[in-house]
Amino acid sequence: MSLLTILLQVPFLPEQASSFAQEVDMFYLSLWALTIFFSVAVAVAALFFMLKYRRRRIDEIPEQVEGAMALEITWTVIPFLISLFIFGWGAKIYYQMYTEPKDAMEIYVTGKQWMWRAQHPDGIREINQLHLPLGKRIKLTMTSEDVLHSYFIPAFRTKADVVPGRYTMTWFTPTKAGTYHLFCAEYCGTQHSGMIGNVIVLEPSEYQQWLAGGPKEASPSATGQKLFASLACNTCHYDKDGGRGPSLAGVFGSQVKLENGTTVIADEGYLRESILNPGAKIVAGFQPVMPTFQGQLSEEQVLQLIAYIKSIGAQEGAVAAKPAASPAPPTAKASPAAPTTQAPAAQGGQKKD
Ligand code: HEC
Ligand SMILES: [Cu+2]
């Protein structure tokens with residue numbers, strides 16, 4: 001049994017409840033182990049040399065040393081390699097955490113002074129709680145209604161800033177059923193310390209039961225579809241080309257040519273900007289006639305419109321069949337028991353939100 005495996009048993013860390021937890025802990029404890037090793041080695045060597053080369057006679061003059069190339073190179077190269085190793089390992093974990101996962105169940109999270117709202121793919125909403133199915137890859141798309149917050153689940157070893165005016169993403173696979181702490185980890189005002197909640201990881205069947213037991217709500221994309229009609233987006237954006245605005249079917253994840261000759265990937269951030277600040281990037285071949293919807297929509301509604309725009313891509317099966325630009329994380333495994341991410345739009349009793 002190595003020292004690390006023994007250290008990993010020590011209960012001074014939170015439970016390990018996600019696919020990231022073990023490696024993050026290994027990394028963290030390795031840094032500790034390295035630090036302790038070198039601190040002790042330096043202290044012991046210093047003591048040893050203090051004693052060994054102490055002055056023995058009052059008029060003793062030590063022999064001069066004229067440098068030692070081999071020694072200099074050794075103690076430069078070894079720390080250099082160690083720091084490169086630390087960098088490489090850290091970068092690998094970072095890359096996994098910040099690369100969009102494939103086939104993940106997507107949950108929308110909005111932070112607000114001082115609570116967390118979440119909406120599941122089939123429409124169920126919750127506040128300061130997050131119910132998750134065990135073993136399923138989960139992606140959170142997050143934004144804030146007001147100030148900076150940060151979504152921190154210690155047992156998952158994930159923490160991501162939640163930023164007003166843009167989307168941030170975090171993902172994980174829960175690996176252990178149970179109830180875990182959820183914290184806001186970015187000071188956000190008087191009741192920041194109360195902006196806490198629970199993450200509840202359920203067996204997949206229990207999760208389905210939990211979903212079924214909740215109030216029937218329209219999925220984000222179904223609500224988005226209604227908004228799309230009630231805000232009259234569909235007077236300019238048709239299913240087919242020929243409207244005053246481009247058809248939005250299949251736009252998500254595609255490359256959009258802009259009037260200024262550049263191209264952008266239509267990710268969530270781009271769709272958001274196109275709705276709230278249409279003048280910022282004009283699609284090639286169109287007039288800048290789209291009105292801004294800034295100030296007229298809550299963050300949740302913007303997310304619902306985006307969910308709808310994503311879903312029309314998926315249904316047409318056209319361009320959007322091509323995955324979003326970012327590569328899959330290297331550790332990606334297909335999870336066979338996965339329920340579909342896009343809940344059928346018309347499912348359930350469609351009660352109003
Ligand atoms: C008056 C007509 C009009 C209305 C109403 C309108 N749009 Fe647009 N929209 C446009 C035009 C024209 C463009 C292309 C020029 C540009 O990029 O601003 C566009 C571009 C977009 C884009 C970028 C599309 C792409 O292919 O890159 C999105 C997304 C979008 N609109 C969403 C919406 C949503 C959601 C609504 C309703 C809340 C809406 N639009 C209402 C005219 C409109
Ligand atoms: Cu907060």
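This is a guided tour of a predicted model, moving from a copper site to a second ligand and then to a strand and a helix.

**The copper site**

Begin by selecting the copper ion (ligand 2) together with its protein donors, which are His149 through ND1, Cys184 and Cys188 through their SG atoms, and Met195 through SD, lying 2.0 to 2.5 Å from the ion. If you display the angles among the 4 donor atoms, you will find values of 93 to 124°, and the site is tetrahedral. For orientation, the ideal angle for four tetrahedral donors is 109.5 degrees. Along the sequence, the donor residues of the copper ion follow the spacing H-x34-C-x3-C-x6-M. Colouring by secondary structure shows that the pair His149 and Cys188 links distant parts of the chain, since His149 belongs to strand 6 (residues 149–153) while Cys188 sits in the loop between strand 9 (178–184) and strand 10 (196–202), 39 residues apart. With a surface switched on, both residues can be checked for exposure: His149 is buried, with a relative accessible area of 0%, and Cys188 is buried as well, at 4%.

**Ligand 1 and its shell**

Next, select ligand 1 and expand the selection to the 26 residues that surround it, of which the closest are Cys233, Cys236, His237, Tyr270 and Met290. Colour this shell by residue class, and it divides into 20 nonpolar, 4 polar and 2 charged residues. Helix 6 (residues 268–276) supplies the largest share of the shell, with 4 residues.

Three polar approaches to ligand 1 merit individual distance labels:

- Tyr270 has a side-chain N or O atom 2.5 Å from an oxygen atom of ligand 1.
- His237 places a polar side-chain atom 2.8 Å from a nitrogen atom of ligand 1.
- Lys281 contributes a polar backbone atom, which is 3.1 Å from an oxygen atom of ligand 1.

**Strand 4 and its partner**

Now select strand 4 (residues 129–133), where 4 of the 5 residues are buried, so that the strand is largely enclosed by the rest of the structure. Add strand 10 to the view: the two strands run parallel and are joined by 5 bridges. One place to inspect the pairing is Gln129, whose bridge partner in strand 10 is Asn198.

**Helix 5 and the residue beyond**

Finally, select helix 5 (residues 220–230) and highlight its buried residues, namely Pro220, Ser221, Ala222, Thr223, Gly224, Leu227 and Phe228. Following the backbone out of the helix, stop just after helix 5 at Ala232, which takes a positive phi of about 65°.

Methods:
Residues are numbered from 1 along each chain as its sequence is written. Chains are lettered from A and ligands numbered from 1 in the order in which they are written. This is a predicted model: local features need pLDDT of at least 70, side-chain atom pairs count only at pLDDT 80 or more; totals for chains, interfaces and linings use all residues. Side-chain values use heavy atoms; hydrogens and water are left out. Buried means under 20% relative accessible area, exposed over 50%, partly exposed in between (1.4 Å probe, protein chains only). Donors are N, O and S atoms within 2.8 Å of the metal (3.2 Å for Na, K and Ca); water is not among the atoms, so sites may look incomplete. Four donors count as tetrahedral if all angles lie between 85 and 135 degrees; four count as square planar and six as octahedral if opposite donors are over 155 degrees apart and all others between 65 and 115; anything else is irregular. A residue is near a molecule or strand if one of its heavy atoms lies within 4 Å of it. A polar contact is a pair of N or O atoms within 3.5 Å; within protein, one must be able to donate a hydrogen and the other to accept it, and residues adjacent in sequence count only if both atoms are side-chain atoms. Ala, Val, Leu, Ile, Met, Phe, Trp, Tyr, Cys and Pro count as nonpolar, Asp, Glu, Lys and Arg as charged, and the others, Gly among them, as polar. Two strands pair if DSSP finds at least two bridges between them.
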